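Trainee: I would like a close look at one part of this model, the packing of its helices. Please put that part in the setting of the whole chain and add a few single residues.

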Amino acid sequence: MRATTLGCIFRGMSTIGKRIALAREEKGWNQSELARQLGVKPQSVQAWEAGRNVPRPQKMQQMSRLLGKSVGYFMDDANAISNPAEVEPGPPITSPWRAIPIVGTAQMGTEGYWHALESADGYVEMPTRDKHAYALRLKGNSMAPAIKSGWVAVIEPNGLLIPGEYVMVRLVDEECMLKELLYANDVEVSLASVNDAYERRTIPVEQIELIHAVGAVCPPSKVRV
């Protein structure tokens, strides 16, 4: 089913926005004060809390310190502690392996589209902490030799968007692509292909319906039915 998040760039970020707003109100700050403390425009805070955008990792860490919350709190970590400085760090938490259904196909070249499947075309078992994770079969050669046609990408809607890592982008005209994220801001998103035969692409935000982080890419041999 086609998403209808009018004006949204990033889908599935409502939990983050609500927790930012709650922590800000607990601090007794309005949106303008939080923006001043972070060195951003008030419109950026408004976009975060409305779910239209998500803070970059540096801003997330800075906001964590300012509001006295852990990054895990904002990322909907059920085990997050409001003030991590009050406790000693424990052993690292390992993500559970889960069966992630393959729900569609996505093009890695140009003029490709996300073809949703009526029923899951198998699944891949991968560790992820994103309960909304899903998988897509990939087609095309723009990301070769790093990613081959026929491989499967695990998509994490609630994952952070990190420059230099892979993302899945769907435009309002339903064109869908998997690319390397160069940067994303309130004006545009810039994407690159691994294959030099494909040009860098910079897309105005109003043309983007959603952009999700790619948590992992695995070969067809990992697919189970």
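Mentor: What follows goes from the whole chain to the helix contacts and then to single residues. This is a predicted model, in which local features need pLDDT of at least 70 and side-chain atom pairs count only at pLDDT 80 or more, while totals for chains, interfaces and linings use all residues. Residues are numbered from 1 along each chain as its sequence is written, and side-chain values use heavy atoms, with hydrogens and water left out.

The protein chain has five helices and eleven strands; helices (H or I, at least four residues) and strands (E, at least two) are DSSP runs, numbered from the N terminus. Of the 225 residues in the chain, 42% are buried, where buried means under 20% relative accessible area, exposed means over 50%, and partly exposed lies in between (1.4 Å probe, protein chains only). The chain exposes about 12,000 Å², with 50% of that supplied by carbon and sulfur atoms; accessible areas come from the Shrake-Rupley method with a 1.4 Å probe, and for residues only the protein chains shown count as cover. Among the contacts with a separation of 6 or more, 62% are between residues 24 or more positions apart, a contact being heavy atoms within 4.5 Å.

Now the helices. Helix α2 (residues 31–38) packs with helix α4 (residues 57–67) at an angle of about 115°, and their axes are 10 Å apart. Axes are lines fitted to C-alpha atoms, for helices over the stretch in contact, and angles run from 0 to 180 degrees between N-to-C directions. The crossing of α2 and α4 is right-handed; a crossing has that hand if the near helix is turned clockwise from the far one by less than a right angle, and is left-handed if anticlockwise. From α2, Leu34, Gln37 and Leu38 meet Lys59, Gln62, Met63, Leu66 and Leu67 of α4. By class, the residues of this contact are five nonpolar, two polar and one charged. Here Ala, Val, Leu, Ile, Met, Phe, Trp, Tyr, Cys and Pro count as nonpolar, Asp, Glu, Lys and Arg as charged, and the others, Gly among them, as polar.

With helix α3 (residues 42–50), the axis of α2 comes within 8 Å and crosses at roughly 115°. The two helices are therefore roughly perpendicular to each other, a term for angles of 65 to 115 degrees, with under 35 roughly parallel, over 145 roughly antiparallel and the rest oblique. This crossing, too, is right-handed. Gln31, Ser32, Leu34, Ala35 and Leu38 of α2 make the contact with Pro42, Val45, Gln46, Trp48 and Glu49 of α3. Six nonpolar, three polar and one charged residues take part. Within α3, Ser44, Val45, Ala47, Trp48 and Glu49 are buried. Just after α3, glycine 51 has a positive phi of about 85°.

Arginine 19 is in helix α1 (residues 14–27). Arginine 19 is partly exposed, at 23% relative accessible area. Its C-alpha is 5.6 Å from that of phenylalanine 74, 55 residues away in sequence.

For a view of a strand, take β8 (residues 188–192), which holds alanine 192 and glutamate 188. Alanine 192 counts as buried at 13% relative accessibility, whereas glutamate 188 counts as partly exposed at 25%. Leaving aside neighbours within four places in sequence, glutamate 188 is in contact with Tyr183, Thr202, Ile203, Pro204 and Val205.
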